[in-house]
Amino acid sequence: MTRDAAATRQRLLAAARDEFAARGIAGSRVDRIAAAARSNKAQIYHYFGSKDGLFDAVFDDMCRQTVDAVPIDATDLPEYAGRLFDSYRQRPWVQRIASWYRLERAGTGNLAQAVLDSNRAKIKAVAEAQAAGAVPVRFPPDVLLGLVLHLSGFWDANVPEFDAVVDVDTVTARRRIVVEAVAALLGRP
């Protein structure tokens, strides 16, 4: 791929990321994505095959970036959850796109291989930490990982009405709660 082609592809991914985060798959328009990327619809179909293919590429890229930026440390799951929380603050589109993915792709049978591979590797790391005695075995490794992942995204999953009645309004305080909640889940002080 030439440098111009790679740059065009990256602009399309960035524009699509913003469009999909705001409107989901069904509500997004390739015309808007192409215009925002200073490209054209033909390039979208050339590189990605379809709007769904473009969404898949955005989702895959987003997941790979998250895995690379926030590697798991199964022996310190509270801080891992805190670093995931930090990652979501730095890249607010991640939770929005993940929500659209769950809403519009659940039950289709099309599972993202990168996410499957990442989850399997994380579950294995948690299982190894449990076998070594570094992590309690109260929950199976897959369930424990799921709880940690959900706690890290807790503040992004709430409706505005919940946020309106909760007196935790700083990022620092919210991160601390995530870390402390995972520590409590593990039976740590």
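**A walk through an all-helix model**

Val159 has a relative accessible area of 48%, so this residue counts as partly exposed. Partly exposed is the class between buried, under 20%, and exposed, over 50%. The model in which this value was computed is a predicted one. In the chain, Val159 sits in the loop that joins helix H8, residues 141-152, to helix H9, residues 160-165. Val159 also belongs to a nonpolar patch on the surface, together with Phe154, Phe162 and Val165. The patch covers about 360 Å².

With that starting point in place, the whole protein can be described. The secondary structure consists of 10 helices and 0 strands, and the pattern along the sequence is α-α-α-α-α-α-α-α-α-α. The C-alpha trace spans about 55 × 40 × 35 Å along its principal axes. Of the 189 residues, 38% count as buried. The accessible surface comes to about 10,500 Å², and carbon and sulfur atoms hold 55% of that surface. Among contacts between residues with a separation of 6 or more, 64% join residues that are 24 or more positions apart.

The next stop is a stretch named in a database. UniProt, in an unreviewed entry, lists residues 29-48 as "DNA-binding region". In the model, this span is 75% helix and 0% strand, and its end C-alpha atoms lie 14 Å apart. Arg38 lies in the loop between helix H2, residues 30-36, and helix H3, residues 41-48. Is Arg38 buried or exposed? The relative accessible area of Arg38 is 64%, so Arg38 is exposed, since the exposed class begins over 50%. The backbone at Arg38 has a positive phi of about 55°, although Arg38 is not a glycine.

From an exposed residue the path turns to two buried ones. Thr66 is part of helix H4, which runs over residues 51-69. Thr66 counts as buried because its relative accessibility is 13%, and the limit for buried is under 20%. Leaving aside residues up to four places away in sequence, Thr66 touches Leu84, Ser87, Arg91 and Val94. The last residue in that list, Val94, is found in helix H6, residues 93-105. Val94 is buried too, because its relative accessibility is 5%. Which residues does Val94 touch, not counting those up to four places away in sequence? They are Met62, Thr66 and Tyr88. Val94 and Asp156 are 62 residues apart along the chain, and their C-alpha atoms are separated by 10.0 Å.

The walk ends at helix H10, residues 171-185. H10 has 15 residues and reaches 21 Å from its first C-alpha to its last, close to the 21 Å expected at 1.5 Å a residue. The buried residues of H10 are Ala173, Arg174, Arg175, Val178, Val179, Val182 and Ala183. A general rule helps in reading such a list: an α-helix has 3.6 residues a turn, so residues three or four places apart point the same way. Against which helices do the buried residues of H10 pack? They pack against helix H5, residues 77-90, and against H8 and H9. H8 and H9 are the helices on either side of the loop that holds Val159, the residue with which this account began. After H10 comes Gly187, with a positive phi near 75°.

Definitions and conventions:
Residues are numbered from 1 along each chain as its sequence is written. This is a predicted model: local features need pLDDT of at least 70, side-chain atom pairs count only at pLDDT 80 or more; totals for chains, interfaces and linings use all residues. Side-chain values use heavy atoms; hydrogens and water are left out. Patches are made of residues with over 30% relative accessible area and no salt bridge: like charges are joined within 9 Å, nonpolar side chains (Val, Leu, Ile, Met, Phe, Trp, Tyr) within 5 Å. Accessible areas come from the Shrake-Rupley method with a 1.4 Å probe; for residues, only the protein chains shown count as cover. A salt bridge is a side-chain nitrogen of Lys or Arg within 4 Å of a carboxyl oxygen of Asp or Glu. Helices (H or I, at least four residues) and strands (E, at least two) are DSSP runs, numbered from the N terminus. Buried means under 20% relative accessible area, exposed over 50%, partly exposed in between (1.4 Å probe, protein chains only). UniProt positions are given in the numbering used here, feature names are shortened, and annotations may be inferred rather than shown by experiment. Contact means heavy atoms within 4.5 Å. The expected span of a helix is 1.5 Å times one less than its number of residues.
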